[in-house]
Amino acid sequence: MEPLWKLLYLLEPAPVTLILTAIGVTFGSAFRALNYGKEMERNRDLSEASITLDRSQALMIPVMSSCSLLLMFYLFSSVSQLLTVFTAVASASSLYFFLSPYVAHVKSQFGLADPYVSRCCSKSFTRMQAFLLLLCCSIVAAWLVSGHWVLNNLLGISLCIAFVSHVRLPNIKICAMLLCCLFVYDIFWVFYSERFFGANVMVSVATQQASNPVHTVANSLSLPGLQLITKKLELPVKIVFPRNLLGGVLPGNNAAEFMMLGLGDMAIPSMLLALVLCFDHRKGKESADSLDIPPYKGHKYIWYAVSGYVVGLITALAAGILSHSPQPALLYLVPSTLGPIIVISWMRRELVELWEGAEPNLIEKTQLTEV
């Protein structure tokens, strides 16, 4: 156990940047999910509607995650290049999804003409969409060549935002079920997996580097500039910051090492944030549209969830510093985010509404609109 004064190292540039980035990503993911839902309702585009998890799907996520973790633990070296290719494609798609609202905003602000230039896969592409797609592919290509941690973080953040926008929770009941299962999942694979598998499976998988297929192809073809292409890649399944960021170095650690936070530690709480943000939005809209419903009073649930996430994340990092060992972040994040939402909704007598879920899905809303 380290002395308490070492908690001051949470004020180093790397931990502060990690905390601020994680908070921004979780809130931004929830906000993007809300806006994406509005966009789908407005355009009535059911082909791109998000997936709403049911009970069986929520229970299968920890099971499938455990299977994937074991597969990568034993066979990572064999499938790493294939995994890198798959990740590159998914990252380019997610980055396009992440940046497209900003491109649309710039186009509307400046009144830019954006004619259609081509048609692919039953969809028409405008000139700006084609440019954005080219930009996203270029960023992924730069990551494949350099493996730079900034590009890794950008792709990881894009994957997190796209996941939260497309995979949703219908109510707090399913959310609590998923979070509790992942709570146990994270604790087991971080604290107890070494007893069964001889090594910390979660840490081993999180710190493994994948073989770069670009380097393999360039080497086999004897292409010039081979020395500029990195042999190994950190896959964007986590955000990382060098411990010597802006000159700060945590004692007892190599300056070349990185602080890291898994995407799941941002994406899973973000699903809860997206759920309560949609609830806040619906309640506010109902109050504004109906004279019979009193105005929505009190702080919105999203701020309790964000505050709980901040407390849980700082506690997880503090525990890691004091214990000098990896910590399962969901051990701290699940109680600090889900707990306040359940307690406060019970005090407001809104727990039943949150627990069962009252918001109709996209298809039902579209049918009501047609009627």
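**Helix packing and selected residues in a predicted model**

Good morning. I shall begin with H324, which is placed in the loop between α9 and α10. Please keep in mind throughout that the model is a predicted one. H324 is not a glycine, yet its phi is positive, at about 55°. Its side of the story also includes the solvent: because the relative accessibility of H324 is 53%, above the 50% cut-off, the residue counts as exposed.

A second residue deserves mention alongside H324. R349 likewise has a positive phi without being a glycine, here of about 60°. R349 is found in the loop between α10 and α11, the latter covering residues 351–356. With a relative accessible area of 80%, R349 is exposed.

Let me now give the overall picture. The chain contains twelve helices and eight strands. It has 371 residues, and 41% of them count as buried. Among contacts with a separation of 6 or more, 75% are between residues 24 or more positions apart.

I turn to the helix pairs. Two packed helices are described by the angle between their axes and by the distance between those axes.

The first pair brings us back to the helices on either side of H324. Helix α9, residues 301–323, packs against helix α10, residues 330–347, at an angle of about 155°, and the axes lie 7 Å apart. Angles over 145 degrees count as roughly antiparallel, so α9 and α10 fall in that class. Their crossing is right-handed. On the α9 side the contact includes Y301, Y304, G308 and G312. On the α10 side, S336, T337 and I341 are among the residues met. By class, the residues of this contact are eleven nonpolar, six polar and no charged.

What else does α10 pack against? Helix α5 and α10 pack at an angle of about 160°, with 9 Å between their axes. These two helices are therefore also described as roughly antiparallel to each other. The crossing of α5 and α10, however, is left-handed. From α5, the participants include I172, L179, F183, D186 and F191. From α10, they include L330, V334, P335, L338 and I342. This contact of α5 with α10 comprises 14 nonpolar residues, no polar residues and one charged residue. I341 of α10 appears in the contact with α9 and also in the contact with α5.

The third pair is α2 and α3. Helix α2 spans residues 55–110 and helix α3 residues 127–146; their axes come within 8 Å and cross at roughly 140°. Is α2 roughly antiparallel or oblique to α3? An angle of roughly 140° is not over 145 degrees, so α2 is oblique to α3. The crossing is right-handed. In α2, the contact residues include T84, A88, L95, L99 and K107. In α3, they include M128, L132, C136, I139 and W143. The residues of this contact divide into 14 nonpolar, five polar and one charged.

I shall close with three individual residues.

The first is S193, which belongs to helix α5, residues 172–197. Is S193 buried or exposed? Its relative accessible area is 0%, so S193 is buried. A polar atom of the S193 side chain lies 2.7 Å from the backbone oxygen of W189. Setting aside residues up to four places away in sequence, S193 touches F188, G198, A199, N200, V201 and M202.

The second is L34, in helix α1. L34 has a relative accessible area of 8% and is therefore buried. Which residues does L34 touch, leaving aside neighbours within four places in sequence? They are R168, L277, C278 and H281. L34 and L275 are 241 residues apart along the chain, while 8.7 Å separates their C-alpha atoms.

The third is S50, in the loop between α1, residues 13–43, and β1, residues 51–52. Its relative accessibility is 24%, so S50 counts as partly exposed. From S50 to V164 is 114 residues in sequence, but 9.2 Å in space from C-alpha to C-alpha. Not counting residues up to four places away in sequence, S50 touches S165, H166 and R168. R168 is thus a contact of S50 and also of L34.

Thank you for your attention.

Key:
Residues are numbered from 1 along each chain as its sequence is written. This is a predicted model: local features need pLDDT of at least 70, side-chain atom pairs count only at pLDDT 80 or more; totals for chains, interfaces and linings use all residues. Side-chain values use heavy atoms; hydrogens and water are left out. Axes are lines fitted to C-alpha atoms, for helices over the stretch in contact, and angles run from 0 to 180 degrees between N-to-C directions. Helices (H or I, at least four residues) and strands (E, at least two) are DSSP runs, numbered from the N terminus. Angles under 35 degrees count as roughly parallel, over 145 as roughly antiparallel, 65 to 115 as roughly perpendicular and the rest as oblique. A crossing is left-handed if the near helix is turned anticlockwise from the far one by less than a right angle, and right-handed if clockwise. Contact means heavy atoms within 4.5 Å. Ala, Val, Leu, Ile, Met, Phe, Trp, Tyr, Cys and Pro count as nonpolar, Asp, Glu, Lys and Arg as charged, and the others, Gly among them, as polar. Buried means under 20% relative accessible area, exposed over 50%, partly exposed in between (1.4 Å probe, protein chains only). A polar contact is a pair of N or O atoms within 3.5 Å; within protein, one must be able to donate a hydrogen and the other to accept it, and residues adjacent in sequence count only if both atoms are side-chain atoms.
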